[in-house]
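Thanks for coming, everyone. I'll put the model up and then walk you through a few spots.

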Amino acid sequence: MWLHGKTAPARANPAAVVFRSADVIQEGYLMKQGLRLKMWTKRYFILRLEERHMTLGYYTSKESLTLCSETPIGPGHVLAPGNAAKHPRRLELRCGTKSLVVEAEDDRAFGAWKRALQEAIRWNHAMVPTKDGSFVAYGQQATEDKLNEERSRSEAAKKLREKQRADEAAAAASAASKPKYLPATREGTQCFMTSNTRFEIPSQFEYVKTIGSGAYGVVISAKDAASGKTVAIKNIQRAFDDLTDAKRIVREIKLMRHLQHKYVLGVDDILEPVALSKFEDVYIVSELMATDLHRVIYSRHALSDEHIAFFIDQELYFLTNARARKFMNTEFVKRGPGPVKPLAQLFPDAPPDALDLLEQMLVIDPNKRISIDAALAHPYLASIRNVEDETMATESFDYDFENEKLTKPVLQRLIWDEMKAFHPDAKDDVENMLTPSSEPSRRLSALASTRSSVVVTPVTPAVPLATSTTAASTPGDAPSAHGRKPRASSGGAADAGADAGGSAKAETRQEAGEPAREVS
């Protein structure tokens, strides 16, 4: 392949090209034949040694050394035989369909150039050892090395571009995750927006970053200035809009506070709301975990047998807790039929002890399934078992709150009571916020009191009625002139019964997850 250079622009004092004498193999004037017009021009030629090949270049003159063109002598070059009788001092250097025809001024210059060009071509075909001990032509090796270098530079440039894009994306994500601070509504608090969620937390917490979001809220990490620890704060906005979700949040908080175990995430704090009557957002403070089991399982790093045994051991430690056992037995749902293939075929690389324990744990019948104590004593866990971690609780989880008519005020009160375990000085600002046991009767009393205070003016019917007593007490009365059925003017037992029925229906709707509303 020929590389054709361009004549450098004329300058007043152009800087001369300088080559090391050790790199110059042959130099001198030769007559060069033009490619198109076949005219002869005298040019100064230099054959020089470079890192991986020899390069032949020609210049306008020895004094100016203005480059006209040059080409590296590669494996594809050959020195073609010419008509020695007709042109005894002519040389033709070919590479594919390209050719360079030159002619020396005398026999001495012709012989020197012929030997130099032959050596340059032979040098590319010389056999050299490779890294694996084989031999390859030097020119081929040089070409491959050059291609590898270009490929490496291309890959390095690609990685650099990817890193720059990743850095830009990270910077954009960091800028997007930075909270936007807003005016606080309470003394001693700070207010900011992150992930489209409004946080208002005590000033002692310094925002670190947003960890993630889920179905129930957004979680951030924050530095607690009081303790010096970095904690996780989950904000559940408008927690009581959906009563079914609110009930689950109550259950979650109670379980996290109840299940005291080193392998179970607990509740460090429930931030005090501004008031019970304005209790809408729930903030749960807990220990910050570096990762979770889901990420570990689905990471690209393969889990060793010790990892698997350790995770199973932790789960079983947790289940030695009597509170956890009661909860798991209550929440347990039987799985479907076992795998058709034997476990040894599904997990051919698993140790025999692991397969044996797994086989006993996957029994559907709980009466035949291996017990927690027997599983902990299984040989598969013998190397990592620590009996001191197998603590036992003295009381079971209390499910009594599940039987209450859980309306919004009741759910607010339940989480408020959990919050007061961390903030015992918090005071209720509303005296008539209902407790679970008193709410239905107090609502009926309030409604009956309201009804008795209303004076209803009797409506004179447009048509004569048989008896007013019958009209007032018989179901399916004919409508009055105003399109309404007559009602008892005293607002007594009939109204109270209707209110009781409406209250019961409202309770049923609210328990099913409908928004709470006042029964009128």
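Okay, start with the open sheet of three strands, order 10-11-12, with antiparallel pairing. Before I go on: this is a predicted model, so take everything here in that spirit. The edges of that sheet are strand 10, residues 180–182, and strand 12, residues 197–202, and each of them pairs on one side only. From one strand to the next, the twist averages 30°.

Now the pairings themselves. Strand 10 and strand 11, residues 189–194, run antiparallel and are joined by three bridges. Strand 11 and strand 12 are antiparallel as well, and there the pairing extends over six bridges. If you want residues to click on, Tyr181 stands opposite Phe192 in strand 11, and Gln190 has Ile201 in strand 12 as its bridge partner.

Let's look at the turn between strands 11 and 12. As a reminder, most residues other than glycine have a negative phi. In this hairpin, with two residues between the strands, Ser195 takes a positive phi near 55°. Asn196 also has a positive phi, near 60°, and that's a residue other than glycine. Asn196 sits in the loop between strand 11 and strand 12, and with a relative accessible area of 76% it is exposed.

There's another one of these elsewhere in the chain. Lys38 isn't a glycine, yet its phi is positive, about 60°. You'll find Lys38 in the loop between strand 1, residues 24–33, and strand 2, residues 40–49. Is Lys38 buried or exposed? Somewhere in between: it is partly exposed, at 48% relative accessible area.

On to the rings. How many aromatic pairs does a search of the whole structure find? Eleven. Let me pick out Phe240 and Phe279, which make an edge-to-face pair, 5.3 Å centre to centre with 70° between the planes. Phe240 is in the loop between strand 15 (230–236) and helix 3 (243–258), while Phe279 is in the loop between strand 16 (269–270) and strand 17 (282–287), so this pair ties together parts that are 39 residues apart in sequence. Phe240 counts as buried, at 2% relative accessibility, and Phe279 is buried too, at 1%.

Back by the sheet, there's a cluster: ring pairs link Tyr181, Phe192, Phe199, Tyr207 and Tyr283. You've met two of those names already, since Tyr181 and Phe192 stand opposite each other across strands 10 and 11.

Two lysines also deserve a click. Lys42 has its charged end over the ring of Tyr29, 4.8 Å from the ring centre. Lys254 does something along those lines with Phe401, lying over the face of the ring at 5.4 Å from its centre.

Last stop, the largest pocket. Its volume is about 1,400 Å³. The lining has 40 residues, and the ones nearest the centre are Leu265, Met289, Thr291, Asp292 and Leu293. Several elements give two or more residues to that lining, including strand 15, helix 3, strand 17, helix 4 (293–297), helix 5 (305–320) and helix 6 (322–331). And which element gives the largest share of the lining? That would be strand 13, with five residues. For anyone scrolling along, strand 13 covers 205–213.

That's my tour. Over to you.

How values were computed:
Residues are numbered from 1 along each chain as its sequence is written. This is a predicted model: local features need pLDDT of at least 70, side-chain atom pairs count only at pLDDT 80 or more; totals for chains, interfaces and linings use all residues. Side-chain values use heavy atoms; hydrogens and water are left out. Rings of Phe, Tyr and Trp (its six-membered ring) pair if their centres lie within 6.5 Å; planes under 30 degrees apart count as stacked, over 60 as edge-to-face and the rest as tilted. Helices (H or I, at least four residues) and strands (E, at least two) are DSSP runs, numbered from the N terminus. Buried means under 20% relative accessible area, exposed over 50%, partly exposed in between (1.4 Å probe, protein chains only). A charge sits over a ring if NZ of Lys or CZ of Arg is within 6 Å of the ring centre and within 35 degrees of the ring normal. Two strands pair if DSSP finds at least two bridges between them. Axes are lines fitted to C-alpha atoms, for helices over the stretch in contact, and angles run from 0 to 180 degrees between N-to-C directions. On a 1 Å grid over the protein atoms alone, a cavity is a set of points where a 1.4 Å probe fits but cannot get out, and a pocket is an open set with protein on both sides within 12 Å along at least five of seven lines; lining residues have an atom within 4 Å of a point. Grid points are joined across faces, edges and corners, and a volume is the space filled by probe spheres set on the points.
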